[in-house]
Amino acid sequence: MQMFLLNIAQSIMGFMSKVNMLTGDTDSPTGDPTVDDVYTKVFKPVVDILDSMLLPILILLGTAGSIYAIVLGVNYSKAESADKREEAKKRMINAIIGIVVTLLLLILLKLFTANAQTIVDWIKSFDKPQA
């Protein structure tokens, strides 16, 4: 597990060094951009866009999922044969699973956007030389 986490941290730091090369900011004394500069110039706009899109996506998903579940429920109740009932039942289960998975992913995205600065600070802690 420790090697897995170490590999993830190294991958993130490799990504950060590539982002540093892309930003080309020379505010730091060594001429390299700081992690805060990278967060402000690269990640912050992306996080803001994602955060502003979450509520409309959630509204659309809830509305579409509710309408689809109602339509499937009506199809289930109107089904005359057992095969059609089983098909409608499978579709309802799949629709509910899809809605739940999508909502969970949206919640994870919201957690990420709300804690983006904390995540960047955590990544920045790996950049410090260890004594």
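# Four helices, asked about one by one

From the N terminus on, the protein's elements run α-α-α-α.

Me: What makes up the secondary structure here, in helices and strands?
Reply: Four helices and zero strands. Keep in mind that this is a predicted model.

Me: How do you know how far to trust it, in terms of pLDDT?
Reply: The protein averages a pLDDT of 76, and 72% of the residues score at least 70. Confidence is lowest in helix H1 (residues 2–23), with a mean of 64, and highest in helix H3 (residues 82–114), with 86.

Me: Why be careful with residues 25–29?
Reply: pLDDT stays under 50 over that stretch. Where pLDDT is low, the predicted coordinates should not be read in detail. The model does have nine contacts beyond four places in sequence for residues 25–29, but with pLDDT under 50 there, take them lightly.

Me: What makes the pair arginine 91 and glutamate 87 a salt bridge?
Reply: Their side chains come to 3.4 Å, N to O, and the cut-off is a Lys or Arg side-chain nitrogen within 4 Å of a carboxyl oxygen of Asp or Glu. So 3.4 Å qualifies. A search of the whole structure finds one salt bridge.

Me: Where do arginine 91 and glutamate 87 lie?
Reply: Both are in helix H3, four residues apart, which is about one turn of the helix. An α-helix has 3.6 residues a turn, so residues three or four places apart point the same way.

Me: Why is arginine 91 called partly exposed?
Reply: Its relative accessibility is 44%. Buried means under 20% and exposed means over 50%, with partly exposed in between, so 44% puts arginine 91 in the middle class.

Me: And why does glutamate 87 count as partly exposed?
Reply: Because its relative accessible area is 40%, which also sits between the 20% and 50% limits.

Me: What does arginine 91 touch, leaving aside its neighbours within four places in sequence?
Reply: Tyr68 and Leu72. As for backbone distance, the C-alpha atoms of arginine 91 and glycine 73 are separated by 9.7 Å, with their positions 18 residues apart along the chain.

Me: How do you know that H3 has about the span expected of it?
Reply: H3 has 33 residues and reaches 48 Å from its first C-alpha to its last. At 1.5 Å a residue, 48 Å is expected, so the two values agree closely.

Me: Which residues of H3 are buried?
Reply: Ala88, Ala95, Leu106 and Thr113. Being called buried means that each has under 20% relative accessible area. Over the 131 residues of the protein, 18% count as buried.

Me: What makes the nonpolar surface patch?
Reply: Ile93, Ile96, Ile97, Val100, Val101, Leu104, Leu105, Ile107, Leu108 and Leu111 make it, at about 940 Å². Take leucine 111, which lies in helix H3. Its relative accessible area is 48%, and a patch residue needs over 30%, so leucine 111 passes that test. With 48% it is still partly exposed, because exposed starts over 50%.

Me: What supplies the accessible surface of the protein?
Reply: The protein exposes about 9,700 Å², and carbon and sulfur atoms supply 68% of it.

Me: Why is threonine 102 called partly exposed?
Reply: Threonine 102, in helix H3, has 31% relative accessibility. That is above the 20% limit for buried and below the 50% limit for exposed, so partly exposed it is. The C-alpha atoms of threonine 102 and leucine 58, 44 residues apart along the chain, are separated by 9.2 Å.

Me: Why does valine 71 get that label too?
Reply: Valine 71 is in helix H2 (residues 35–78). At 41% relative accessibility, it falls between 20% and 50%, so it counts as partly exposed. Its C-alpha is 9.4 Å from that of methionine 92, 21 residues away along the chain.

Me: How much of the contact set is long-range, at 24 or more positions apart?
Reply: Such residues account for 55% of the contacts in the protein with a separation of 6 or more.

Notes:
Residues are numbered from 1 along each chain as its sequence is written. This is a predicted model: local features need pLDDT of at least 70, side-chain atom pairs count only at pLDDT 80 or more; totals for chains, interfaces and linings use all residues. Side-chain values use heavy atoms; hydrogens and water are left out. pLDDT is the predictor's confidence in each residue, from 0 to 100. Helices (H or I, at least four residues) and strands (E, at least two) are DSSP runs, numbered from the N terminus. Contact means heavy atoms within 4.5 Å. Patches are made of residues with over 30% relative accessible area and no salt bridge: like charges are joined within 9 Å, nonpolar side chains (Val, Leu, Ile, Met, Phe, Trp, Tyr) within 5 Å. Accessible areas come from the Shrake-Rupley method with a 1.4 Å probe; for residues, only the protein chains shown count as cover. Buried means under 20% relative accessible area, exposed over 50%, partly exposed in between (1.4 Å probe, protein chains only).
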